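Pull up the model and let's take a walk through its inside. We'll look at empty space, aromatic rings and the nonpolar core.

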Amino acid sequence: MAVVLDRRRLLGMGALALAGLAPALARAQTKIALARTDALIVVDVQRCFTKGGSLAVPDGDAIVPLINDIAKKFANVVLTQDWHTPGHVSFASSHPGKKPFDVIDLPYGKQVLWPDHCVQGTDGAGLHPDLAIPHAQLVIRKGYNKDVDSYSAFLEADSKTTTGLGGYLKARAINRVFVCGLATDFCVAWTAQDARKEGMEALVIEDASRGIDAQGSLAAAWTKMMSVGVKRIKSGDLA
Ligand code: VGL
Ligand code: ZN
């Protein structure tokens, strides 16, 4: 007979193959352990950005139960709310002849124009009714200056006006933030990048976020985030 492999030899090969796989398996199974120096930042999970809202992010509602679950793992949770004045500079309606998703030049740079959304004190600006994170410690509002947008929870679009979030986190010895929410390619991405500027580790939980993806903005945002050291993880990576 040409090839006879005895049982012993087969078993031996199997063990060898498995041994070769072991480091990869170990890596895949290493979960991220959370500490009191970590915070979860839940970005803009508001009615305006979910089903029926004026700037509804596709599938935005789907992340709410997942975020509620993830949040239970964190000792520190910060929520953000987009919180615009009526007639805000980021609204297309504030610029005659312009329509949503047009881009204009403002003193601080390019600004995408949006449908009116998250106007201070309106129902649309409220947190999603199913968001259930009673232990969240801080709600930070942003975009409340009429002439400046603020995708980031740290720094307004003029790149100099701070919301105070960096100081708050530092004062509480938090040095690593996990970011999730809406929208991946705008407020989540800018928040994660600015956390890096604050000298913190930043990880975006991809499956607990959803993007708007206007003109390739989602892929561009990931490239940008990666380039400044933001890590891309999934909720299942958390211990
Ligand atoms: C957002 C567009 C305009 C966001 C806020 O939360 O990502 N996007 N305002
Ligand atoms: Zn906004």
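How much space lies in the largest cavity? About 100 Å³, going by this predicted model. The structure holds 1 cavity of 30 Å³ or more. Its lining is made up of 14 residues, and the closest to the centre are Phe49, Leu55, Asp82, Tyr151 and Cys187. By class, that lining has 9 nonpolar, 2 polar and 3 charged residues.

Then there's the largest pocket, with about 650 Å³ of space. It is lined by 29 residues, and Tyr151, Asp185, Trp190, Gln193 and Lys224 sit closest to its centre. Tyr151 is worth keeping an eye on, since that residue is also on the list for the cavity. Sorted by class, the pocket lining comes to 14 nonpolar, 8 polar and 7 charged residues. Where do these residues come from? Strand β4, helix α4 and helix α5 (217-227) each supply at least two of them, and α4 gives the largest share, 8 residues.

Now for the rings. How many aromatic pairs does a search of the whole structure find? There are 6. Take Trp114 and Tyr151 to begin with: their ring planes meet at 80° with the centres 6.4 Å apart, and an angle over 60° makes the pair edge-to-face. Trp114 belongs to the loop between β4 (109-112) and β5 (138-142), while Tyr151 belongs to the loop between β5 and α3 (165-171), so this contact ties together parts that are 37 residues apart in sequence. Are these two residues buried or exposed? Buried means under 20% relative accessible area, so Trp114 at 3% makes the cut, and so does Tyr151 at 10%.

Trp114 has another partner in Phe186, again edge-to-face. Phe186 sits in helix α4 (residues 184-197) and Trp114 in the β4–β5 loop, so here the parts tied together are 72 residues apart in sequence. Like Trp114, Phe186 is buried. Here are the two pairs next to each other:

| Pair | Centre to centre | Angle between planes |
|---|---|---|
| Trp114 and Tyr151 | 6.4 Å | 80° |
| Trp114 and Phe186 | 5.0 Å | 85° |

Zoom out a little and these rings belong to one aromatic cluster, formed by Phe101, Trp114, Tyr151, Phe186 and Trp190. Trp190 and Tyr151 turned up earlier among the residues closest to the pocket centre.

Two other tryptophans have a charge for company. The charged end of Arg141 sits over the ring of Trp83, 3.6 Å from its centre. Arg232 lies over the face of Trp222, with 4.0 Å to the ring centre.

What about the greasy part? The largest nonpolar core has 60 residues, and those with the most contacts inside it are Leu40, Val42, Ile67, Leu169, Val177, Phe178 and Ile205. Quite a list of elements supplies at least two residues each: β1 (38-43), α2 (63-71), β2 (77-82), α3, β6 (176-182), α4, β7 (201-210) and α5. Helix α4 gives the largest share of this core, 6 residues, just as α4 gives the largest share of the pocket lining.

One last stop is Asp149, in the loop between β5 and α3. With a relative accessible area of 2%, Asp149 counts as buried. Its C-alpha atom is 8.3 Å from that of His84, although the two residues are 65 residues apart along the chain.

Notes
Residues are numbered from 1 along each chain as its sequence is written. Chains are lettered from A and ligands numbered from 1 in the order in which they are written. This is a predicted model: local features need pLDDT of at least 70, side-chain atom pairs count only at pLDDT 80 or more; totals for chains, interfaces and linings use all residues. Side-chain values use heavy atoms; hydrogens and water are left out. Rings of Phe, Tyr and Trp (its six-membered ring) pair if their centres lie within 6.5 Å; planes under 30 degrees apart count as stacked, over 60 as edge-to-face and the rest as tilted. Helices (H or I, at least four residues) and strands (E, at least two) are DSSP runs, numbered from the N terminus. Buried means under 20% relative accessible area, exposed over 50%, partly exposed in between (1.4 Å probe, protein chains only). A charge sits over a ring if NZ of Lys or CZ of Arg is within 6 Å of the ring centre and within 35 degrees of the ring normal. On a 1 Å grid over the protein atoms alone, a cavity is a set of points where a 1.4 Å probe fits but cannot get out, and a pocket is an open set with protein on both sides within 12 Å along at least five of seven lines; lining residues have an atom within 4 Å of a point. Grid points are joined across faces, edges and corners, and a volume is the space filled by probe spheres set on the points. Ala, Val, Leu, Ile, Met, Phe, Trp, Tyr, Cys and Pro count as nonpolar, Asp, Glu, Lys and Arg as charged, and the others, Gly among them, as polar. A nonpolar core is a set of buried Ala, Val, Leu, Ile, Met, Phe, Trp, Tyr and Cys residues joined through side-chain atoms within 4.5 Å.
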